[in-house]
Amino acid sequence: MQNDPSVLKIDIREEPDALQAQRLASPFLENSFSSKKLCDEVLLVIKELATNLERHAKGGILILRNIQEGDERGVSVQSLDWGPGIASVERAMSDRFSTSGGLGLGLGTVNRLMDEMWIEPRASTGQGTVVTCKKWDAVLPGVLEKSPLQIGVASRPHPGMRQNGDSFVVKSGKDFVFVAVIDGLGHGQFAHRASQKARLFLENHYKGTFGEIFRGVGYECRSTRGVVMSAARIDWRRKRFALATIGNIETRIHGSSQPIHMPTKRGIIGQGIAQPRITEQEWEPGAQLVMFSDGLSSHWQPEDIRRIAKDSAQSSAARLLRKYAKENDDATVLIARSKGI
């Protein structure tokens, strides 16, 4: 009998237990989340983890917990088993990989739907696997602050293509803004597919660490051409700016009193697991962040740089795209700057 209402433990032994796990978890999740969409996503994760326990490990335990960190609340789901373990986490995280003839969607689905996820062996026994994942609900009422930043984005596909191989993400947290520019290798439908898989992952995981974010995008893009990507988090309360990058997405900071060097790191996300190059700097109120794919020429006229601080972020992004987009590639430019400039 469970006495703690913030914890739910479910034994998984046989095939019907996966459906039973969803039935048991449903009221627990309804009391934990503010929307049916979040409940349904975690119920799908519970089904996938329970199915994995029954098929691959011959049973185990699912543990659901209510969690809170700072101003955020959510649910953690932990899967524990005593099976043979996972030989290759990278392969297991790829869609359509299976060791039992099934669809092989389990861990790929979990990684995509949850905000955080990690896999580790059971250290106490030397056998089995622990999968831990978290889904956050929302910032508690009354603590979400209005962003003082203005964001502008302009993007267009290769002039000869219908689908854009570039994509971007703009998300707001309690006291930060997360932005990213993604470029699928090449152009056309295959570049589009790669960049969209990366974008969809970022939409759900932007609150994670850069290491978790880039690792997750790498898993998502393993079956694609791959992407290059830069992601930035601007924390206006702490006045800090952090950038993580792999590949040739260029990032510039204008309007800062001190010169800021934005290093890049060569590589392709999705072709092996690569750690991003991360840099953190002070964010000054008058600074302007400009992030753009290599479909945009990097040789700008001084007047265009000066106008970034004067015009709105959206009009500046549109002007740069119009003037400097190349005719042989997709092109995207994103600008973040203070509203009060």
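How much space lies in the second largest cavity? About 40 Å³, in what is a predicted model.

**View 1. The second largest cavity, with helix α6 on its wall.** Start with the count: the model holds two cavities of 30 Å³ or more. The second largest of them has about 40 Å³ of space. Ten residues line this cavity, and Phe214, Gly218, Ile269, Gly272 and Ala274 are the closest to its centre. Which helix gives the most to the lining? That would be α6 (residues 210–220), with three residues. Sorted by class, the lining of this cavity comes out as six nonpolar, three polar and one charged residues.

**View 2. The second largest pocket and its charged lining residues.** Here the space comes to about 500 Å³. The pocket is lined by 23 residues, and the ones closest to its centre are Asp175, Phe176, Lys207, Arg233 and Asp235. By class, 13 of the lining residues are charged, with six nonpolar and four polar making up the rest. Several elements chip in with at least two residues each: β5 (129–139), α6, β9 (227–235) and β10 (240–246). Strand β10 has the largest share of the lining, at three residues.

**View 3. Lys239, in the loop between β9 and β10.** Keep an eye on the backbone here: Lys239 isn't a glycine, yet its phi is positive, at about 60°. Is the residue buried, exposed or something in between? Lys239 is partly exposed, because its relative accessible area is 46%, between the 20% and 50% cut-offs.

**View 4. Helix α8 and what its buried residues pack against.** This helix runs over residues 313–324. Twelve residues at 1.5 Å a residue should span 16 Å, and the end C-alpha atoms of α8 are 16 Å apart, so the two agree. Buried along α8 are Ala313, Ser316, Ala317, Arg319, Leu320, Leu321 and Tyr324. As a set, the buried residues of α8 pack against β6 (149–156), α7 (302–308) and β14 (331–338).

**View 5. Helix α5, end to end.** With 17 residues (189–205), α5 reaches 24 Å from its first C-alpha to its last, close to the 24 Å expected at 1.5 Å a residue. Which of its residues are buried? They are Ala191, Ala194, Ser195, Gln196, Lys197, Ala198, Phe201, Leu202 and His205.

**View 6. Val169 in strand β7 and its contacts.** Val169 belongs to β7, which covers residues 166–172. Its relative accessibility is 1%, so Val169 counts as buried, the cut-off being under 20%. Leaving aside neighbours within four places in sequence, Val169 touches Phe178, Val179, Ala180, Ile182, Arg199, Leu202, Glu203 and Leu334. For a backbone distance, try Leu200: it sits 31 residues from Val169 along the chain, with 8.9 Å between the C-alpha atoms.

**View 7. Two buried cysteines, Cys133 and Cys221.** How many disulfides turn up in a search of the whole structure? The search finds zero. As a reminder, a disulfide is a covalent bond joining the sulfur atoms of two cysteines. Cys133 has a relative accessible area of 0%, so it is buried. Cys221 also counts as buried, because its relative accessibility is 0%.

Note on methods
Residues numbered from 1 in each chain as written. Predicted model: local features only at pLDDT ≥ 70, side-chain atom pairs only at ≥ 80, totals over all residues. Heavy atoms only, no water. 1 Å grid on protein atoms, 1.4 Å probe; cavity = no way out; pocket = protein on both sides within 12 Å on 5 of 7 lines; lining within 4 Å. Points joined across faces, edges and corners; volume = space filled by probe spheres on them. Helix = DSSP H or I, 4+ residues; strand = E, 2+ residues; numbered from the N terminus. Nonpolar A, V, L, I, M, F, W, Y, C, P; charged D, E, K, R; others polar. Expected span 1.5 Å × (residues − 1). Buried < 20%, exposed > 50% of the residue type's maximum accessible area, 1.4 Å probe, protein only. Contact = heavy atoms within 4.5 Å. Disulfide = S-S within 2.5 Å.
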